[in-house]
Amino acid sequence: MDWTTVLLLLDSTIRTATPLLLACLAGLFSERAGIFDIGLEGKMLVSAFLAAGFAFTTGSVWLGLLAGIGGSLALSAIHGLASITFRGNQLISGVAINFLAAGLTVVAAQSWFGEGGRTPQLGEGERFGAVILPGALDLSELTIREQRELPPLTALYSDVLSGHSILTYIALLAVPLSWWVLFRTRFGLRLRAVGENPAAVDTAGISVARLRFAAVAIAGVLCAIAGAQLSTAEPAAGFIRDMTAGRGYIALAALIFAKWRPYPALGACLLFGFFQALEARPDIFVRLFDIRVPSALLSALPYLLTVIILAGFVGRAIPPRAGGEPYVKER
Amino acid sequence: MERMPRWADVVLVPLISLLLAGLISALVILAIGENPWEALKIMVSGAVGSTYAWGYTLYYATNFIFTGLAVAVAFHARMFNIGGEGQAAIGGLGVALVALYIPWPHWTLALLGATLGAALFGAAWAAVPAFLQAKRGSHIVITTIMFNFIAAALLNYLLVGPLKPAGTMETATAPFPEATHIPSFRDLFSHGDTILFRGTPANITFFVALLACVLVWLLIWKTRLGYEIRAFGFSEGAARYAGIGATKIIMVSMMLSGALAGLMAINNTLGEAERLILNAIEGAGFIGIAVALMGRSHPLGVLLAAILFGILYQGGAELSLTTGIPREMVVVIQALVIMFTGALDNMVRMPVERLFARRRLRGAPAAPPGPALHPPGEAAVPSSPTATRP
């Protein structure tokens, strides 16, 4: 077990945690406003596809991101229409959105690019590259030997913290920003109130529907960035079918694990990201602890932990009180 | 208060929803440059045009009957069981263990044993989320989703490790012994030189599924337990007040639901693959949601909706073979059906209700109001089960 392995593991933890974190914060806004969102997965998927597709077609990764946000917002609007306007079942709407995304992305990708439901490989300028933080070394310019000989702290800073895509830093900044918006602004207070006691908010003369639509839209934008990270941030190079692979559900699990709070959400996503990073490199696990753990166990760990948390054995997770219930104005 | 006649509630609203889903699907097909009318013709002839087509359509329908009934039974208790996928996968494990490790003398006994194994394993997999919902207030939707992933990981582990015969590459168990092979439609219906259903997977499990429909109908509408389940679904508070135990109803309805989802495995594992393979469920657990919503949680509705989805699946496969429309188009249609019959139900229902209200108002002085009254004691199926309160 050497320092290089640790760095490698931590580096890929941060990378895999990024989409989880963004989706988790998306769920946070939505569920704090009283709208369950099973459809995080679908919104990420649609955004991943549109971001890659438009980045390839236009040659600009930023236009791709914009397209991803548009697609994700469209799904948010459907979810809002179903669960806020028509007071339908939010869970069923979310399930439908996930299927819609899973089907439409493949159908559209096949008709657009004809490569069996994937986008072509993205090239220079069509992906989000590595951002080198101030004072950090660009590791791609060093040889392996030079990398190994860096002082530990320099290596930690340059390898683990620096060198991710801009979207990773957006995700990390979104954590304090979400906390500030939710707990230090009037909008945030109202948003949380609408998830706990919408009738009180309504009595104060504030539109419950408008607040909930705002929350659902914020969730849409955050999911879109998460999706774009999956398909257009290096080392990713394009969209493949079902590329979200359950990350939307892991994000939901992280949200419960974090008990619907922003900073713990960061911790939970890093933990689940760490599991995913380990799952991808079973050899490291063998070297670390000298035992072979089935990768199936590692992939199930986030879900197992969430069930244990949900069961209330390790602190109780209490969701927003009005979550999942449509608000009926006239009584 | 009656807003519209019963036929409108049971037939008209789902039909309009279905038409809307179909319309948007047609637009999607148009958008990718194909002809929706041609696509429809290919789908229908590919799904019902021959005994070969029916052999596949009814095979898929059998899966969907089980998973649809599973979701429907849970809906009656106002539980949303989204874990059919995992329960069916674990049901498959039950079937595999029963078929592989017990020496069956005859297929009839093997079928009975496998049915028992599938139901028990499926019920057990649903029991944990049910218990957590009943006792700890953990949201059933979240826990059943988590259990889907845990089931997938468990099977992944078993089928690349302990259950995989040495020396094979495929992630599957060993083939089941000859004595457990249940008759296919071809064995059942071919006579003399006429061979029907050649090479199709439909098998005797279809009749087990029909039997399950009848049994679920009897249970829900003709027994005391069914009455308690429905009462609990309508109003948890009232049911509690009437002395109906919440824990019992949640546990029983969810375990029944899990057992029904598990039963799907006798069709695809014992009947078709004749061994347990990885990812054998292929989303059928989720299609159960669409089927139950379309079928209004009634066994007859579930049966019809399951056959419709069977047609959709087989037709979709045919479509991807002969046109440029990928198989995933079926997933889009399925999503739209769930959306319109489930989440956007009110969007369709409200205008229809208004229409009937206006007609009644106009016709009121001349004629008596339409055939509107419910037969006493026969309540409408809860249309959209809301989230269970934790």
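**Exercise 1. The packing of H11(A) against H14(A)**

Task: Determine at what angle H11(A) and H14(A) pack and how far apart their axes are, and state which residues make the contact.

Solution.
Step 1. In this predicted model, the axes of H11(A) and H14(A) are 9 Å apart, and the two helices pack at an angle of about 35 degrees.
Step 2. The crossing of H11(A) past H14(A) is left-handed.
Step 3. H11(A) contributes Ile250(A), Ala253(A), Ile256(A) and Phe257(A), while H14(A) contributes Pro302(A), Tyr303(A), Leu305(A), Thr306(A), Ile309(A) and Leu310(A).
Step 4. Sorted by class, the contact of H11(A) with H14(A) holds nine nonpolar residues, one polar residue and no charged residue.
Step 5. A general point helps in reading such lists: an α-helix has 3.6 residues a turn, so residues three or four places apart point the same way.

**Exercise 2. The surroundings of H11(A)**

Task: Establish how many residues of H11(A) are buried and which elements they pack against.

Solution.
Step 1. A residue counts as buried if 20 or more other C-beta atoms lie within 10 Å of its own.
Step 2. By this criterion 11 of the 11 residues of H11(A) are buried, and the helix is mostly covered.
Step 3. The buried residues include Arg247(A), Gly248(A) and Tyr249(A), and among them are also Ile250(A), Ala253(A), Ile256(A) and Phe257(A), which take part in the contact with H14(A).
Step 4. Within chain A, the buried residues of H11(A) pack against helix H1 (3-32), helix H2 (40-58), helix H12 (262-280) and H14. From chain B, helix H6 (140-160) joins this set of partners.
Step 5. Just after H11(A), Lys259(A) has a positive phi of about 55 degrees.

**Exercise 3. The side of chain A that touches chain B**

Task: Find how many residues each chain gives to the contact and which element supplies the largest share on the side of chain A.

Solution.
Step 1. Chain A provides 42 residues and chain B provides 41 residues.
Step 2. On the side of chain A, the elements giving two or more residues are helix H3 (61-85), helix H4 (90-113), helix H11 (247-257) and helix H14 (295-310).
Step 3. H4(A) supplies the largest share of that side, 15 residues.
Step 4. By class, the side of chain A that touches chain B has 26 nonpolar, 14 polar and two charged residues.
Step 5. H11(A) and H14(A), the pair of Exercise 1, are thus both listed among the elements of this side.

**Exercise 4. Gly220(A)**

Task: Decide whether Gly220(A) is buried or exposed, and identify which residues it touches.

Solution.
Step 1. Gly220(A) belongs to helix H10 (residues 208-232) of chain A.
Step 2. Because Gly220(A) has 29 C-beta neighbours inside 10 Å, it counts as buried.
Step 3. Leaving aside residues up to four places away in sequence, Gly220(A) touches Lys43(A), Ser72(A), Leu73(A), Leu75(A) and Ser76(A).
Step 4. Gly70(A) is 150 residues from Gly220(A) in sequence, yet their C-alpha atoms are 8.7 Å apart in space.

**Exercise 5. A helix crossing in chain B**

Task: Characterise how the axes of H3(B) and H12(B) cross, and assign the handedness of the crossing.

Solution.
Step 1. The axes of helix H3 (residues 51-76) and helix H12 (residues 284-294) of chain B come within 7 Å and cross at roughly 60 degrees.
Step 2. H3(B) and H12(B) are therefore oblique to each other.
Step 3. Their crossing is right-handed.
Step 4. Among the residues in contact are Phe64(B), Thr67(B), Val71(B) and Phe75(B) of H3(B), together with Ile287(B), Gly288(B) and Val291(B) of H12(B).
Step 5. The contact of H3(B) with H12(B) comprises 10 nonpolar, five polar and no charged residues.

**Exercise 6. The two chains as wholes**

Task: Describe the helix content, compactness and burial of chain A and of chain B.

Solution.
Step 1. Chain A has 14 helices and zero strands, whereas chain B has 15 helices and zero strands.
Step 2. For the 331 residues of chain A the globule rule gives 20 Å; the radius of gyration is 20 Å, so chain A is as compact as a globular protein of that length.
Step 3. A compact globule of 390 residues would have a radius of gyration near 21 Å, and the 22 Å of chain B agrees with this.
Step 4. The C-alpha trace of chain A spans about 70 × 50 × 40 Å along its principal axes; the C-alpha atoms of chain B fill a box of roughly 80 × 55 × 40 Å.
Step 5. Buried residues make up 53% of chain A and 53% of chain B.
Step 6. Among contacts between residues at least 6 apart in sequence, 78% in chain A join residues at least 24 apart, and in chain B the share is 77%.

Terms used
Residues numbered from 1 in each chain as written. Chains lettered and ligands numbered in written order. Predicted model: local features only at pLDDT ≥ 70, side-chain atom pairs only at ≥ 80, totals over all residues. Contact = placed C-beta atoms within 7 Å. Helix = DSSP H or I, 4+ residues; strand = E, 2+ residues; numbered from the N terminus. Nonpolar A, V, L, I, M, F, W, Y, C, P; charged D, E, K, R; others polar. Rg over C-alpha atoms; globule rule 2.2 N^0.38 Å. Buried ≥ 20, exposed ≤ 12 C-beta atoms within 10 Å, placed from the backbone. Axes fitted to C-alpha atoms, helices over the stretch in contact; angles between N-to-C directions. Parallel < 35°, antiparallel > 145°, perpendicular 65-115°, else oblique. Left-handed = near helix turned anticlockwise from the far one by under 90°.
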